[in-house]
Amino acid sequence: MSLFPDITELLARARADLRMGVPVVLADDTGFSVLSLAAETLGAQRLADLRALGGVPVVAITGRRAETLKARAYDGDLARVVIPADVDMAWVQAVADPSDDLAAPMKGPLMTERQGNANLHRIAIALTKSARLLPAAVVLPIADGRAFAAARGLTCIDHALAAPHLADRSPLREVVAARLPMEVSEAGRLHVFRPEDGGEEHYAVEIGRPDREKPVLARLHSACFTGDLMGSLKCDCGPQLRGALAQMGAEGAGVLLYLNQEGRGIGLANKMRAYFLQDQGFDTVEANHRLGFEDDERDFRLGSDILKSMGFKSVRLLTNNPAKIAMMERTGIAVTERVPLKVGETDHNRGYLATKASKSGHLL
Ligand SMILES: Nc1nc2c(ncn2[C@@H]2O[C@H](COP(=O)(O)OP(=O)(O)OP(=O)(O)O)[C@@H](O)[C@H]2O)c(=O)[nH]1
Ligand SMILES: [Zn+2]
């Protein structure tokens with residue numbers, strides 16, 4: 001029945017709910033269900049109301065965050081930290097947010113759950129990540145979640161339907177393309193791609209009319225508000241963006257994908273949290289881990305999705321990142337040449353570039 005929202009639509013709704021601080025219900029096929037809220041947007045009243053339901057609420061955090069907090073992650077990739085009855089909102093937020101880890105370390109040991117199934121907690125964390133919030137969810141088991149959700153107008157997510165969607169990217173559709181004369185080339189065109197799941201749109205800037213049968217000069221650029229637009233000296237994104245476009249203009253052909261994966265896929269707010277940690281002495285990778293993220297949360301497969309839908313089969317890829325080359329090759333876009341893109345080293349980003357080379361395998 002097409003007048004009911006499908007799982008993609010329900011997930012989009014759940015992301016919006018979590019960003020606003022509204023709970024969502026997660027349910028599996030065994031009759032187990034939980035109420036889940038994003039730790040970042042949890043309000044004091046909702047915590048009190050959650051407690052009034054009875055049972056033991058936990059904060060589900062990633063294994064990365066658990067490592068920093070020295071909490072035992074019995075589920076491997078995540079830990080279920082019990083919320084003691086006598087703590088307040090600030091405690092929950094300190095579990096999720098590393099900003100005060102050094103100034104006001106949490107008094108441990110944190111108790112983590114070992115029994116039971118963490119599948120719904122895993123979905124809860126994945127939802128907070130895809131909502132670009134801190135990767136931490138307050139989770140409480142409830143009886144008959146589907147009826148609970150229906151009675152309160154809450155979004156209810158079915159585990160079996162949601163799991164494959166959260167692990168994969170959503171199909172993209174080209175919405176529009178139009179001529180865009182630019183400084184580097186008057187023969188520019190901007191294409192806008194929209195995912196089915198209500199997520200971020202991505203763009204392709206096509207320069208000239210590249211031959212689809214030959215390798216095209218291409219760049220997969222990830223959004224960096226601070227570097228691309230503000231002239232930040234902390235990274236090399238702005239010069240890379242302009243350098244890539246200039247080279248395409250000079251050659252008369254190329255395609256630059258502008259992927260809205262700000263902060264290597266963690267969003268601008270989390271990237272700024274990472275910058276706050278970097279000012280405390282952590283490097284770019286350590287900062288991501290302390291927040292509970294992996295080094296790089298981007299999905300480059302959508303780059304090959306866009307290139308293929310534009311008719312390209314092979315690329316000369318402007319990059320220093322071997323992961324991008326590997327992902328293109330694995331997803332059916334041949335990389336005939338790596339074109340190095342070394343521009344914009346400053347006193348401020350020298351350490352950042354060195355960390356990317358030593359920890360993330362970037363080519364110098
Ligand atoms: N989380 C996090 N993201 C950052 C930081 N500095 C820059 N970024 C983001 O990193 C991404 C940079 O991506 P790219 O320019 O594609 O860089 P790359 O993966 O190094 O690959 P190439 O530039 O192709 O060699 C952008 O999304 C930036 O917003 C940081 O310190 N932390
Ligand atoms: Zn940047």
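Which residues of H13 are buried? They are Leu302, Gly303, Ser304, Asp305, Ile306 and Leu307. Buried here means 20 or more other C-beta atoms within 10 Å of a residue's own; exposed means 12 or fewer, and partly exposed lies in between, with C-beta atoms placed from the backbone. Helices (H or I, at least four residues) and strands (E, at least two) are DSSP runs, numbered from the N terminus.

This is a predicted model, in which local features need pLDDT of at least 70 and side-chain atom pairs count only at pLDDT 80 or more, while totals for chains, interfaces and linings use all residues. Residues are numbered from 1 along each chain as its sequence is written, and chains are lettered from A and ligands numbered from 1 in the order in which they are written.

**Overall division**

The protein chain splits into domain 1 (7–164) and domain 2 (172–261 + 298–359). These bounds come from an automatic or database domain assignment. The C-alpha centres of domain 1 and domain 2 are 35 Å apart. An unreviewed UniProt entry places "domain: GTP cyclohydrolase II" at residues 175–340. UniProt positions follow the numbering used here, feature names are shortened, and annotations may be inferred rather than shown by experiment. The span 175–340 is 37% helix and 26% strand, and its end C-alpha atoms lie 32 Å apart.

**The annotated site**

The unreviewed UniProt entry gives the annotation "active site" to Asp296 and Arg298. Asp296 sits in the loop between helix H12 (284–291) and helix H13 (301–309). The loop between H12 and H13 also holds Arg298. Is Arg298 buried or exposed? Arg298 counts as buried because it has 20 C-beta neighbours inside 10 Å. Asp296 has 18 other C-beta atoms within 10 Å, so it is partly exposed.

Contact means C-beta atoms, placed from the backbone, within 7 Å. Leaving aside neighbours within four places in sequence, Arg298 is in contact with Ser222, Gln261, Arg264 and Gly265. Arg264 belongs to helix H10. Just after H13, Gly311 takes a positive phi of about 100°.

**Around ligand 1**

How many residues surround ligand 1? The shell has 22 residues, and the closest are Ser222, Cys224, Thr319, Asn320 and Asn321. A residue is near a molecule if its C-beta atom, placed from the backbone, lies within 6 Å of it. Strand S10 (216–222), helix H9 (237–251), helix H10 (262–265), helix H11 (268–278) and H12 each give two or more residues to this shell. H10 supplies the largest share, three residues.

By class, the shell around ligand 1 has six nonpolar, eleven polar and five charged residues. Ala, Val, Leu, Ile, Met, Phe, Trp, Tyr, Cys and Pro count as nonpolar; Asp, Glu, Lys and Arg count as charged; the others, Gly among them, are polar.

**Strands**

Strands pair if DSSP finds at least two bridges between them. The table lists three pairings.

| Pair | Sense | Bridges | Opposed residues |
|---|---|---|---|
| S9 (202–207) and S11 (254–259) | antiparallel | five bridges | Glu206 and Val255 |
| S10 and S11 | parallel | five bridges | Arg219 and Leu256 |
| S12 (314–318) and S13 (334–339) | parallel | five bridges | Arg316 and Glu337 |

Strand S11 has five of its six residues buried, so it is largely enclosed by the rest of the structure. Strand S13 has six residues and zero buried, so it lies largely in the open. In a regular strand the side chains alternate between the two faces of the sheet.

**Backbone exceptions**

Most residues other than glycine have a negative phi, and most peptide bonds are trans. Arg264 is not a glycine, yet its phi is positive, about 50°. Arg264 counts as buried because 21 other C-beta atoms lie within 10 Å.

Lys70 also has a positive phi, near 55°. Where is Lys70 placed? Lys70 is in the loop between helix H3 (63–69) and strand S4 (78–82). Lys70 has 11 C-beta neighbours inside 10 Å, so it counts as exposed.

The peptide bond from Gly108 to Pro109 is cis, with omega near -5°. Pro109 lies in the loop between helix H4 (89–96) and helix H5 (119–130).

Methods:
Contact = placed C-beta atoms within 7 Å.
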